[in-house]
Amino acid sequence: METFPNSRLRELARATGLIQREGGKLKADALFWSLAIGFLSDNYRTLEEFRQAYIETFGGSLEYSSFHEWFMPALCDFLRAVLKHALEDLEHENERLQGRFEQFREVFIADATVITLYQSLFETFPGYGDDHAGAKLHVVEAVSSGLPAEFGITDARTHEFTQLSTGPWVENALLLFDQAYFDYRTMDLIDANGGWFLTRLKPNANPEITAELRKWRGDAISLEGKQVQDIFDDLHRDVIDVDGEVGFKRRIYNGTRSRAVETFRVVGVWNDEEERYHLYITNLSAEDYSAPDIAKLYQARWEVELLFRELKTTYGLDEINSGKPEVVEALILIGLLSLIVSRTLRELFIEIIEAQQDEESDDVEASSLLPRERWARAFGRHSDRILRRVAERLGYEPPKLVESLMNDALDPNTHRISLLDEVRYEPFAADLA
């Protein structure tokens with residue numbers, strides 16, 4: 001709860017226009033926790049189920065139509081603001097990276113995943129085909145926390161590299177990304193801002209080799225002056241480690257572009273199973289990281305795939321069953337907030353385990369005892385109890401049993417006429433004869 005203080009939730013609810021006045025039926029803190037924790041329960045995937053969770057935990061009465069009206073752009077603005085503040089707070093709590101990552105301030109992994117939507121949302125969220133609607137969640141994950149440092153929501157057709165911005169935030173950090181983000185201008189900007197990058201070389205990328213960074217004994221074939229894609233037929237080496245010159249257009253301040261040439265390191269590591277080189281491009285130095293180190297570093301990119309798998313399998317973001325764009329965006333943001341709530345509580349339990357371990361024992365790392373996905377599933381199974389505990393801490397009293405039964409049983413669609421009433425009371429159609 002320290003990551004999401006009540007004072008901040010109330011302040012952001014007013015600032016974004018979600019809550020117009022104090023004392024209304026809907027409370028910002030109650031709404032936030034019922035959504036963020038309730039989202040992890042398999043029982044809550046519709047707005048009506050969220051409404052029931054809200055009433056069951058925090059009491060009061062709230063009609064379906066009133067609750068549904070809160071899923072509007074102001075709610076999305078509120079959730080985005082809460083996410084932004086939470087991620088900024090957590091960023092300052094990260095511990096120093098270790099091992100191969102210890103020289104970096106942070107290691108970031110950029111990637112995106114597509115969320116399936118109703119076909120009726122095609123105009124707002126067009127998918128890859130004419131018969132598919134989809135939203136694309138863009139994430140820059142911080143390896144130290146396993147949480148998004150940056151995120152964005154677009155339609156499925158938006159290309160990944162357009163969503164990766166650079167700036168002073170990349171200084172002393174390493175960015176890992178796949179070929180969907182391959183862009184020499186982006187690499188140049190990361191380098192210019194004092195950061196490092198590592199990605200796979202695209203098959204159609206063909207830098208000119210200007211220098212070899214590894215010396216070979218005997219009459220080794222010289223690669224200088226050749227194009228990278230032209231050297232493989234006669235080459236029999238475990239690794240390739242060269243400087244490659246690339247050309248691209250660099251934007252300048254008046255809106256025009258100028259031709260630019262830069263030199264980046266190109267690394268190839270032979271893969272026996274595939275019988276081909278895995279090629280990488282980076283600005284990491286050969287003195288600090290050998291060619292095999294580069295290949296090993298890139299394997300860390302798989303962490304973001306695990307993050308997406310967790311969001312889809314545990315947080316239900318593989319498919320969103322709503323026909324309203326603002327509800328789709330809100331549910332994606334709630335999924336991210338649920339992830340942060342779950343991970344924050346996991347860190348607390350890791351601290352408890354560490355405190356119980358003998359400092360001189362050979363116990364395994366406490367974090368490895370609570371794998372992230374397994375923890376998330378456990379969190380989801382106990383989310384109802386956790387939500388009730390949060391409500392108690394906030395001073396809310398759950399409704400009495402009779403009140404709960406009444407709220408749960410009342411039909412939110414009272415305007416609908418039952419089939420039996422239609423037969424009993426609707427006038428018969430005029431005799432067509």
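**Burial, cores and contacts in a predicted model**

Colleague: Which residues in α2 are buried?

Modeller: In this predicted model, the buried residues in α2 are Ala 28, Asp 29, Ala 30, Leu 31, Phe 32, Trp 33, Ser 34, Leu 35, Ala 36, Ile 37 and Gly 38. The helix spans residues 28-38 and is mostly covered, with eleven of its eleven residues buried.

Colleague: And how much of the protein chain counts as buried?

Modeller: The figure is 46% of the 433 residues. The protein chain has 14 helices and nine strands, and it exposes about 23,900 Å², of which carbon and sulfur atoms supply 47%.

Colleague: Back to the interior. Which residues touch the most other members of the largest nonpolar core?

Modeller: Trp 33 and Phe 78 do, in a core of 98 residues. Helix α9 gives the most to this core, namely 14 residues. Another core, of 33 residues, lies apart from it and includes Ala 110, Tyr 184, Ile 209 and Val 228.

Colleague: Which residues form one aromatic cluster with Trp 33?

Modeller: Phe 4 and Phe 32 join Trp 33 in that cluster. Phe 32 and Trp 33 are also among the buried residues of α2.

Colleague: How many aromatic pairs does a search of the whole structure find?

Modeller: The search finds 16. One of them is edge-to-face: Phe 182 with Tyr 184, at 5.2 Å centre to centre and 65° between the planes. Phe 182 counts as buried because its relative accessibility is 12%, and Tyr 184 counts as buried because its value is 15%. Another pair, Phe 349 with Trp 375, is tilted, with 5.1 Å centre to centre and 55° between the planes.

Colleague: Where in the chain are Phe 349 and Trp 375?

Modeller: Phe 349 is in helix α9 and Trp 375 in helix α11 (residues 372-381), so this pair, 26 residues apart, links distant parts of the chain.

Colleague: Is Trp 375 buried or exposed?

Modeller: Trp 375 is buried, because its relative accessible area is 11%. Phe 349, by contrast, counts as partly exposed, because its relative accessibility is 37%.

Colleague: Then which residues form a nonpolar patch on the surface with Phe 349?

Modeller: Leu 348 and Ile 352 do, and the three together have about 250 Å² of accessible area. Ile 352 is found in helix α9, residues 325-356, and its relative accessibility of 40% is why it counts as partly exposed.

Colleague: Changing topic: how many salt bridges does the structure hold?

Modeller: It holds 19. In one of them, the side chains of Arg 157 and Asp 130 meet at 3.6 Å, N to O. Arg 157 is in the loop between β3 and β4, and Asp 130 in the loop between β1 (106-117) and β2 (133-142), 27 residues apart. Asp 130 counts as exposed because its relative accessibility is 67%, while Arg 157, at 41%, counts as partly exposed.

Colleague: What about Arg 265 and Asp 241, are they buried or exposed?

Modeller: Arg 265 is buried, because its relative accessible area is 3%, and Asp 241 is buried, because its value is 10%. Their side chains meet in a salt bridge of 2.8 Å, N to O. The pair links strand β8, which holds Arg 265, to strand β7 (residues 239-251), which holds Asp 241, across 24 residues of sequence.

Colleague: And which residue forms a salt bridge with Arg 346?

Modeller: Glu 347 does, with the closest N and O atoms 3.5 Å apart. Elsewhere, salt bridges that share partners join Asp 111, Asp 178, Arg 301 and Glu 305 into one network.

Colleague: One backbone point. What is the phi of Asn 172?

Modeller: It is positive, at about 60°, although Asn 172 is not a glycine. Most residues other than glycine have a negative phi. Asn 172 lies in the loop between β3 (147-155) and β4 (173-177). Glu 275 also has a positive phi, near 55°, and its place is in the loop between β8 (257-271) and β9 (276-282). Glu 275 is exposed, because its relative accessible area is 62%, whereas Asn 172, at 37% relative accessibility, counts as partly exposed.

Colleague: Last one: how far apart are Arg 388 and Ser 34 in space?

Modeller: They are 9.4 Å apart, C-alpha to C-alpha, with their positions 354 residues apart in sequence. Arg 388 lies in helix α12 (residues 383-393), and Ser 34 is one of the buried residues in α2.

Methods: Residues are numbered from 1 along each chain as its sequence is written. This is a predicted model: local features need pLDDT of at least 70, side-chain atom pairs count only at pLDDT 80 or more; totals for chains, interfaces and linings use all residues. Side-chain values use heavy atoms; hydrogens and water are left out. Patches are made of residues with over 30% relative accessible area and no salt bridge: like charges are joined within 9 Å, nonpolar side chains (Val, Leu, Ile, Met, Phe, Trp, Tyr) within 5 Å. Accessible areas come from the Shrake-Rupley method with a 1.4 Å probe; for residues, only the protein chains shown count as cover. A salt bridge is a side-chain nitrogen of Lys or Arg within 4 Å of a carboxyl oxygen of Asp or Glu. Helices (H or I, at least four residues) and strands (E, at least two) are DSSP runs, numbered from the N terminus. Buried means under 20% relative accessible area, exposed over 50%, partly exposed in between (1.4 Å probe, protein chains only). A nonpolar core is a set of buried Ala, Val, Leu, Ile, Met, Phe, Trp, Tyr and Cys residues joined through side-chain atoms within 4.5 Å. Rings of Phe, Tyr and Trp (its six-membered ring) pair if their centres lie within 6.5 Å; planes under 30 degrees apart count as stacked, over 60 as edge-to-face and the rest as tilted.
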